[in-house]
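Dear colleague,

I am passing on the structure below, together with some notes on what turned up when I went through it. Please read them alongside the coordinates.

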Amino acid sequence: MKTPLNLTPDKNIDIGTVSSFGDEWSRFSQSKLSNSELNSIFNDYFEIFPWDDLPINAEGFDMGCGSGRWASLVLPRVGHLNCIDPSSAINVARCNLSNFTNVSFHENSVCEKFIPPSSQDFGYSLGVLHHVPDTVGAIKSCVDLLKPGAPLLLYLYYRFDNRPFFYKAIWAISDTIRNLIYRSPPRVKNLLTDFIAITVYYPLSLMSFILEKFGIDVHNIPLSYYRNCSFYTIRTDSRDRFGTPLEKRFSKLQIKDMMIESGLHNIVFSDKQPYWCAVGYKKK
């Protein structure tokens with residue numbers, strides 16, 4: 001993977017990627033996502049999160065909150081949530097979460113010091129830290145915010161280490177396409193990623209949906225995860241996947257090693273899609 005030229009090292013961000021996500025979440029604010037689908041996807045990510053271990057009125061953070069879609073389901077369960085995002089998506093989150101009073105918004109990057117260290121009862125960062133220049137540094141910044149013994153939930157793109165060989169070949173082709181698309185103007189980028197959603201994501205997800213109805217195992221069919229998702233979610237994720245300048249992927253072992261290096265232990269991985277979701281606890 002080539003290193004982008006528009007890095008801001010002191011903030012551990014790639015400017016083009018931040019701008020791309022601001023555009024994405026302004027276009028896909030998730031306001032059109034049904035409550036049932038939002039809850040279903042939320043449960044996929046948070047299945048291993050230790051809700052019962054949190055103290056009463058727990059305070060935590062959502063690192064890279066985007067539109068605030070996860071925060072909308074976390075906020076009713078906690079005392080206070082710090083929503084953090086360096087892009088203009090923070091304004092979308094403000095709008096989507098305007099009915100909540102137990103939330104603060106921070107237009108900051110992962111490594112900026114604006115929340116006291118060792119002050120948070122929990123944290124999560126889903127689908128974000130594989131889009132920063134220094135992923136292990138970003139995990140360490142998250143861990144620094146946690147109280148000793150507090151959990152951190154992470155989701156990082158996986159390297160298909162639990163998949164058949166052809167997944168990596170398909171990814172290599174798709175990554176070549178991504179490297180062409182993300183350089184496009186926003187309007188062109190949106191049209192191209194919608195085209196991929198229509199011609200690639202939707203047919204494969206529909207085929208998986210139909211085959212599963214006939215009792216066929218669709219686990220190894222690419223994009224089968226979307227078989228029960230709306231076209232809105234498919235369009236969102238196509239834009240996310242092909243429109244983002246900086247993307248990295250990690251094996252399960254690499255993620256575990258980064259979490260350990262960052263000061264986490266008792267690490268648990270979900271064995272279900274999406275891969276890889278993991279939770280670890282800050283060492284006391």
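In this predicted model, the largest nonpolar core comprises 42 residues, and those with the most contacts inside it are Phe-46, Trp-70, Leu-81, Phe-122 and Tyr-124. The element that gives the most to this core is helix H2, spanning residues 35–46, which supplies 5 residues. Another core lies apart from it and has 33 residues, including Leu-154, Phe-160, Met-258 and Leu-264.

A second point concerns the loop that runs between strand S5 (103–106) and strand S6 (122–126), where Ser-109 is found. Ser-109 is buried, since its relative accessible area is 1%, which is under the 20% limit used for that term. Leaving aside residues up to four places away in sequence, Ser-109 touches Lys-11, Ile-13, Pro-86 and Phe-114.

The last point is the cysteines, for which the count of disulfides comes to 0. For Cys-229, the closest cysteine sulfur is that of Cys-277, and because the two sulfurs are 14 Å apart, they are too far from each other for a bond, the cut-off being 2.5 Å. Cys-277, correspondingly, is in no disulfide, with the sulfur of Cys-229 as its nearest cysteine sulfur. As for their surroundings, Cys-229 counts as buried at 18% relative accessibility, and Cys-277 is also buried, with a relative accessible area of 1%.

With best regards

Definitions and conventions
Residues are numbered from 1 along each chain as its sequence is written. This is a predicted model: local features need pLDDT of at least 70, side-chain atom pairs count only at pLDDT 80 or more; totals for chains, interfaces and linings use all residues. Side-chain values use heavy atoms; hydrogens and water are left out. Buried means under 20% relative accessible area, exposed over 50%, partly exposed in between (1.4 Å probe, protein chains only). A nonpolar core is a set of buried Ala, Val, Leu, Ile, Met, Phe, Trp, Tyr and Cys residues joined through side-chain atoms within 4.5 Å. Helices (H or I, at least four residues) and strands (E, at least two) are DSSP runs, numbered from the N terminus. Contact means heavy atoms within 4.5 Å.
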